[in-house]
Amino acid sequence: MHVMIFGAGYSGKAIGQLLSSRGCRVSGTTRSLEKQAALRDSGIQPFQFDGGELSDALAAELATVTHLVQSIAPGRDGDPLIRLFGGNQLKTLMPKLEWIAYLSTVGVYGDHDGAWVDEDTTLKPVSQRSAERVEAEEAWQTLAGQNGVPLAILRLSGIYGPGRNAFVNLANGTARRLVKKDQVFNRIRVEDIAGATALLAELRQPRIYNVTDNEPCPPQDVVAEAARLMGVEPPPEQPFQTAELTPMARSFYGENKRVSNARLKALGYAFRFGDYRQSLQDLWQNASWNKAGPETF
């Protein structure tokens, strides 16, 4: 298996690290020359890619790729890889391609007033960025279908893990407990993104999957639990309506839903971190909460 990860950032790097540890050949792209060493240390062969043209070295690497993971967010101009790989370019550049994963977001579901949603729920994105994700999902479905390649779409909830979590926010003084009546969010530990992707890649499994934890909950509860584990006072609760927030931060609270992961579980995936309490306990006990990213799987 030769895996190429376009956008080997926080989630992409975790995916690559896990697959590399299992003996797969893994390549990945980054915009930054400075980040290439970190990818190499994680078992990922780095290539620079800014979303535009492919370098000769990157194009040559694609010739042996069997599994493609697309983790670069779309923009107003759409998905950058669709522009590069559209038409017959996908199989021309990657003639050995056997499977594609597109990392999307549960934001595509929009607002459902706290009701449960699954992969068959009608999409009604609220924000521009979620609408762009819907367009990218549809573009990848079309491209994969035209080329006869299995496509898995992974809809991710709020991503956290080592280096990105409520402990970090408490330590640097940015943690807030915003309270909005009946508001809940799902979240997902980055190691479980990697684990789910690895399972789907091994099976060459197509279809759409929600990659999310078992327990949607009010966001202020996560901060309170992290503070309890740290032995510090949690920040005071703030009413959402009067809190000073950026437009993007406020828009997150305009989407209220409970996201089911039943389809992924039925396939056989066992979540390592099924709820935020278990996950926070792990981050704190293992002193990995302030690390740069996953170190072991």
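**View 1. The turn of chain that follows helix α8.** Just after α8, R204 takes a positive phi of about 50 degrees. That's a positive value in a residue other than glycine. R204 sits in the loop between α8 and β11. As for its surroundings, R204 is partly exposed, with a relative accessible area of 39%. Keep in mind for this view and the others that we're looking at a predicted model.

**View 2. R207, in strand β11.** Follow the chain to R207 and you're in strand β11. Phi of R207 is near 100 degrees, again a positive value in a residue that isn't glycine. Strand β11 covers residues 207–211 and stands at an edge of the sheet.

**View 3. Helix α8, residue by residue.** Helix α8 takes in residues 190–203. Is its length what you'd expect? What should its 14 residues span at 1.5 Å a residue? The figure is 20 Å, and the end C-alpha atoms of α8 are 20 Å apart, so the two agree. Of those 14 residues, 12 are buried, so α8 is largely enclosed by the rest of the structure. Charged side chains turn up on the buried list, which includes E191 and D192. Also on it are V190, I193, A194, G195, A196, T197, A198, L199, L200 and A201.

**View 4. The open sheet and its edges.** Seven strands make up this open sheet, with parallel pairing and the order β3-β2-β1-β4-β5-β7-β11. At the edges stand β3 (45–48) and β11 (207–211); each has a single partner strand, so one side of each is left without a neighbour in the sheet. On average, neighbouring strands here are turned by 20 degrees against each other, direction ignored. Zoom in on the β3 end and you'll find β2 (residues 25–30) running parallel to β3, the two joined by 4 bridges. Which residue of β3 is the bridge partner of T29? Look for F47.

**View 5. Two helices against the sheet.** Helix α1 (residues 10–21) packs on the sheet, where it touches β1 (2–6), β2, β4 (67–70) and β5 (99–105). The direction of α1 makes about 170 degrees with that of β1. Helix α6 (residues 128–147) lies across β4, β5, β7 (151–156) and β11. Relative to β5, α6 runs at about 170 degrees.

**View 6. Helix α6 and what its buried residues pack against.** The 20 residues of α6 should span 28 Å at 1.5 Å a residue; the end C-alpha atoms are 29 Å apart, which agrees. Buried residues of α6 include W140, L143, V134 and A136, along with E132, R133 and E137. S130, A144 and N147 are buried too. What do the buried residues of α6 pack against? They meet β4, β5 and β7, plus the helices α4 (80–85) and α5 (89–93). Just past the end of α6, G148 takes a positive phi of about 65 degrees.

**View 7. N256 and its contacts.** N256 lies in the loop between α10 (247–252) and β13 (258–259). Is N256 buried or exposed? It's buried, with a relative accessible area of 10%. Leaving out residues up to four places away in sequence, N256 touches D111, H112, D113, G114 and A115, as well as D182, Q183 and V184. P216 is 40 residues from N256 in sequence, and the C-alpha to C-alpha distance between them is 10.0 Å.

How values were computed:
Residues are numbered from 1 along each chain as its sequence is written. This is a predicted model: local features need pLDDT of at least 70, side-chain atom pairs count only at pLDDT 80 or more; totals for chains, interfaces and linings use all residues. Side-chain values use heavy atoms; hydrogens and water are left out. Two strands pair if DSSP finds at least two bridges between them. Axes are lines fitted to C-alpha atoms, for helices over the stretch in contact, and angles run from 0 to 180 degrees between N-to-C directions. Contact means heavy atoms within 4.5 Å. The expected span of a helix is 1.5 Å times one less than its number of residues. Buried means under 20% relative accessible area, exposed over 50%, partly exposed in between (1.4 Å probe, protein chains only).
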